[in-house]
Structures are given as C-alpha cells and as structure tokens.
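Here is a short set of exercises to work through with the structure beside you. Try each task on your own, then read the solution step by step.

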Amino acid sequence: MRTYLVIMDETPEAKVALRFASRRAAKTGGSVHLIALVPKQAFVAFGGVQATIEEEAKSRAEVLVMAAAGSLLAESGRMPSISVRVGDGAKVVHDYLTENAQIAALVLGAAAEGSPGPLVHHFANHKAGQLPCPLMIVPGGLSEEDIDALS
C-alpha cells in the first residue's frame, strides 16, 4: 500500500500538504502517515524544568496531530497513522524514511510567500538525490480546489 508521509505543524503549508496527501491516498488506495515534530529543547540547568518544557511541547504536538487525524477521518473515513518524534526535524524525517520502506512519498507544503520552509529547503536542496522516496512539494498558494484537481 502506498503511504504518504506528511509533517504536521501549525503552519498553513502543513495543511496544504495534508490535503494533497489525503486526496492522493484516497485516489490511489493508499494511506497517510502524520508525524508531529517536537524540537529538542535547549539545555536548562534545572532538569525538572527542562523535562516539563519538553513534556508540554510533546503534549501540544500530540494534540495537533490528533486534531489533524480527526479531521482527516471525518472527511475521508480513513484514519491516518500518527507519530510524535523529538529531535531535529530534518534528521527525524530522514531517519523515519530510511526505517520505513513503505513510504511512497514525502509530501511537504511550501510557504506561499518568502522562504519555502526549513524542511522543503533542506530536502529539496541538500538531500533531494539521497531520499529513498519521491519528494512532493505542494505550493502553499494553491486553493483547495486546485489541490483537489491536482491530487
């Protein structure tokens, strides 16, 4: 089964990527896997404070990815797989792709204006030729109708 990997955060480009991936999965009989990334927190001298900060960030990411999964389930009737990973975003995504051969494509949304975003920049520039699957970049300026037509 084709699995489309989407990195979820609170940006509009993540929503664009999710819409494209969910439509593409529905049309190809595939599935969607959502990963919420939690950046590694800077070292804090008091371990208890750092642990609390990391746990709050992880909880926010879990709520975000569960909300996205619920929306996808309500809209398509399919529940995506979900993960929450802690660490450097580009490294976490690359490691996940390497460990999971069933991923058919990494789907990222590019910002409608300005820099396309750190993951798009990283994977489209530095690692494009080394990815174990295709990279699909969805322009952030597309309307929902345009995304539906393309997917």
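Helices here are DSSP runs of H or I with at least four residues, and they are numbered from the N terminus. Keep in mind that this is a predicted model.

**Exercise 1. Place A61 and describe its surroundings.**

Task: In which helix is A61 found, and is A61 buried or exposed?

Solution.
Step 1. Locate the residue: A61 belongs to helix α2.
Step 2. Check the cover. Buried means under 20% relative accessible area, and A61 has 7%, so A61 counts as buried.
Step 3. Look for contacts beyond the residues up to four places away in sequence: A61 touches A36, V38 and V84.
Step 4. Add a distance. A61 and R85 are 24 residues apart along the chain, and their C-alpha atoms are separated by 9.1 Å.

**Exercise 2. Examine strand β1.**

Task: How many residues of β1 are buried, and which strand is joined to β1 by six bridges?

Solution.
Step 1. Count the covered residues: six of the six residues of β1 are buried.
Step 2. Sort them by side. T3, L5 and I7 lie on one side, while Y4, V6 and M8 lie on the other, and both faces are covered.
Step 3. Recall the general pattern behind this sorting: in a regular strand the side chains alternate between the two faces of the sheet.
Step 4. Find the partner. β1 and β2 run parallel and are joined by six bridges. Within this pairing, L5 stands opposite H33 of β2.

**Exercise 3. Explore the nonpolar cores.**

Task: Which elements give two or more residues to the largest nonpolar core?

Solution.
Step 1. Begin with the core itself: it has 24 residues, and V6, M8, L18, V32, L34 and V107 have the most contacts inside it.
Step 2. List the contributors. β1 (3–8), α1, β2 (31–38), α2 and β4 (103–110) each give two or more residues to this core. The most comes from α1, with seven residues.
Step 3. Zoom in on L34. Leaving aside neighbours within four places in sequence, L34 has contacts that include V6, M8, L18, V65 and A68.
Step 4. Look for a second group: apart from this core lies another of 15 residues, including I35, L97, V120 and L131.
Step 5. Set this beside a general tendency: in soluble globular proteins, nonpolar side chains tend to be buried together.

**Exercise 4. Trace the salt bridges.**

Task: How many salt bridges are there, and which parts of the chain does the pair of R19 and D148 tie together?

Solution.
Step 1. Take the count. A salt bridge needs a side-chain nitrogen of Lys or Arg within 4 Å of a carboxyl oxygen of Asp or Glu, and by this rule there are four.
Step 2. Study R19 with D148: their closest N and O atoms are 2.9 Å apart. R19 is in helix α1 and D148 in helix α5 (residues 144–150), so this pair ties together parts that are 129 residues apart in sequence.
Step 3. Study D148 with R23, whose side chains meet in a salt bridge at 3.2 Å, N to O. Because D148 lies in helix α5 and R23 in helix α1, the pair ties together parts 125 residues apart in sequence.
Step 4. Compare the cover of these residues. R19 counts as buried at 16% relative accessibility, R23 counts as buried at 17%, and D148 counts as partly exposed at 26%.
Step 5. Turn to K91 and D95, whose side chains meet in a salt bridge at 2.8 Å, N to O. Both lie in helix α3 (residues 89–99), four residues apart, or about one turn of the helix.
Step 6. Join up the pairs: salt bridges that share partners link R19, R23, E144 and D148 into one network.

**Exercise 5. Visit the surface.**

Task: Which residues make the nonpolar surface patch of about 340 Å², and where does M79 lie?

Solution.
Step 1. Name the members: M66, L73, M79 and I82 make this patch.
Step 2. Place M79 in the loop between α2 (47–76) and β3 (81–86).
Step 3. Classify M79: its relative accessible area is 47%, so M79 is partly exposed.

How values were computed:
Residues are numbered from 1 along each chain as its sequence is written. This is a predicted model: local features need pLDDT of at least 70, side-chain atom pairs count only at pLDDT 80 or more; totals for chains, interfaces and linings use all residues. Side-chain values use heavy atoms; hydrogens and water are left out. Patches are made of residues with over 30% relative accessible area and no salt bridge: like charges are joined within 9 Å, nonpolar side chains (Val, Leu, Ile, Met, Phe, Trp, Tyr) within 5 Å. Accessible areas come from the Shrake-Rupley method with a 1.4 Å probe; for residues, only the protein chains shown count as cover. Buried means under 20% relative accessible area, exposed over 50%, partly exposed in between (1.4 Å probe, protein chains only). A nonpolar core is a set of buried Ala, Val, Leu, Ile, Met, Phe, Trp, Tyr and Cys residues joined through side-chain atoms within 4.5 Å. Contact means heavy atoms within 4.5 Å. Two strands pair if DSSP finds at least two bridges between them.
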